[in-house]
Amino acid sequence: MASHPLTLVWFRDDLRVADHEALTAAREAGDVVAIWIRETRDAEGRGPRPLGAAARWWAHESLRVLEGELESLGIPLLLAAGNAADIIPDVAEGLGSTTVRWSRRYAPASRALDEVVAGTLSARGIAAEGSRGALLVEPWEVTPSSASEHYKVFTPFWNAAREIPVDPPLPVIEAQSPSAATAERLARVRQDSPHLLTGVADLRLLDAVAGDPASGDQDGFPWWTDTVAAHWTPGVVAAAEALDRLGERIDGYAEDRDVPGDPQGTSALSPRLRFGEVSPRQLLTAVADLTDVGAADRQAWVRQLYWREFAWHLTHHVPDLDWRPMRPEFAHFPYEDDDEALHAWQAGRTGIALVDAGMRQLWETGWMHNRVRMVTASLLTKNLLLAWQSGEQWFWDTLVDADEANNPVSWQWVAGCGADASPFFRVFNPERQRIRFDPDGVYVRRWLGASGDAGDPLVDLGESRHAALAAYDAMKSATAED
C-alpha cells in the first residue's frame, strides 16, 4: 500500500480542476479519488447550511460537468448523501487512503464538522489536510491592530486585506493513470460502501420545490426546467468562457454596475464564485491582466470581490449570522407578523415597480441585480416591517449565488443590524431609486411587461418610513430600559 499512496479529495464549494490546492497536492503525492457529499447537519448542528432550491439545481448541473472534467483527468468522482462525519472516514478507510484533503470552510458550524472528521480520520491513522481555496485572504491573516478580535467595518478591512500578497493561480493538474491497486480498492469500496450513490441524479438535488408565488401555485413543480435553466449554464467549462469575457463586463463597471437595465453592467460571475467553478485568485489575476480596462473600473470590481472576503471574515468569527442579529438590540425590534404581506413581496406584487420587477427577475432567473437586492430588502424590513430573516430565507431558497456569508451579511447590512450596517434611518425609497437607476424604465418593463405598471402600492412609502423610524425608537427605548 505504501508504494501506491492514495489521497481522497473531498470537494465541497470548489467544483473546479484548476487552481485547486487540495487537488494539486493530492496529485503530486500519488493517486487521487474525489468525492462530493450532499451534506446534512448532525444532531449538534455541525455542518454547512443545507442548500436552497436554486443552489441545489446549480450544484446538480455543475457536478455533472465536474464529473466529466475529472474523468478526463483519470480521476473518479464518488457521490454520497448524509453526514460527512460518517461518510468520509468510512470511504477513506475502505479505499486505503493515506490522506484526505479538502479546501477549508469558514462558517463556524462547518468548521466544527470538519474538526470532527479530522479527529476521526486521525484515530484511524489517516491524515487530514485543509487547504486554501475559497478566499484571497484567510480570516486569521487580516486582523486589526487594536484589541478587537476582528474587523467589523469594511473600509479598514479592505485597506488591510488588499495589502496582503495573493499567490498566482495553480494550473490544471496532470492526468493520472491509477495503479491496479487503486482500481481494485475503488471497485471494492463502490461495491461494499453503504454510503455511495451511483450517479448525480441519486443525490436528489432536483427534488420539487414550492410553486410560483406569483401564480398562486403552491403544489410544487420543477421550477428550474422552464425558468432558471434558460438563463444559466452551470459548470467549470461555461465558467472558463465567462472568465474570458470578463473584460467586456468590467469596462465601464464603476458607473454601470448600479444600472439594473444594463445586462452587461455586472460580471454575473457570482454563482460561479459561490460554487468555486472559478477561484477568487483566478478572478483577481484575470482583472489585473485587463490592461484595456480603466483603473477605476478594475478597482471598483475588485472592491466588490473584497466585500465577499469581508462577509466571510465576519462569518468566520460570528456564529448564527443567518438568524441572529449582530447588533443584539435588534433582537427586540418590533417586526410585524404578516404572512399576506410577505407573500405579496415574494410574488412581486407589492405595487412598487422596481421591487416587483426585482422579485420577478429573481423567480425567473435565480438572480437579482445587486442594487435591486438592496431596494427589495429595504422595502421588506423597513416599509413592510417584516423580519429580515424571512427575506434572507427566501433569497437563500431562490438565489443561485446564495452562500452562507454574503446572503445573511447583506441582509443584516440593509436591515441595520449587522456589522458596518447601513444606518437604520437610511430607508431606500424605491421610486427614487427607480428614477435614478432605471430612468427609461428598461429594467421595469423587462420584468413587468410593456406597461411597467405594478398596480396599487401595498404601502404608502412616506407613512411606512415614519412607522419604521418609530419602531426603531421603540426598540432603543426598550433596550435602554433593559
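Which helix gives the most to the lining of the largest pocket? I looked this up in a predicted model, and I found that α13 gives the most, with eight residues.

**Entry on the pocket.** I noted a volume of about 1200 Å³ for the largest pocket, and I then listed the residues closest to its centre, which are Gln304, Trp307, Asn370, Asn406 and Ser410 out of the 41 that line it. I checked which helices supply at least two residues of this lining, and I wrote down α11 (270-274), α13 (295-317), α16 (370-383) and α18 (406-415). Sorting the lining of the largest pocket by class, I have 21 nonpolar, nine polar and 11 charged residues.

**Entry on the domains around the pocket.** I asked where the largest pocket lies with respect to the domains. Since domain 2 (135-169 + 209-317) and domain 3 (328-481) both give residues to the lining, I place the largest pocket between them.

**Entry on the enclosed space.** I also looked for cavities of 30 Å³ or more, and the count comes to one. For the largest cavity I recorded about 40 Å³ of space, and I listed its lining as Arg16, Asp19, Arg132, Gly133, Leu135, Ser279, Pro280 and Arg281. By class, I have two nonpolar, two polar and four charged residues in the lining of this cavity. Turning to the domains again, I found that domain 1 (1-133) and domain 2 (135-169 + 209-317) each provide at least three residues of the lining of the largest cavity.

**Closing note.** I keep both entries on domain 2 together, as domain 2 gives residues to the lining of the largest pocket and also to the lining of the largest cavity.

Technical notes:
Residues numbered from 1 in each chain as written. Predicted model: local features only at pLDDT ≥ 70, side-chain atom pairs only at ≥ 80, totals over all residues. Heavy atoms only, no water. 1 Å grid on protein atoms, 1.4 Å probe; cavity = no way out; pocket = protein on both sides within 12 Å on 5 of 7 lines; lining within 4 Å. Points joined across faces, edges and corners; volume = space filled by probe spheres on them. Helix = DSSP H or I, 4+ residues; strand = E, 2+ residues; numbered from the N terminus. Nonpolar A, V, L, I, M, F, W, Y, C, P; charged D, E, K, R; others polar. Domains from an automatic or database assignment.
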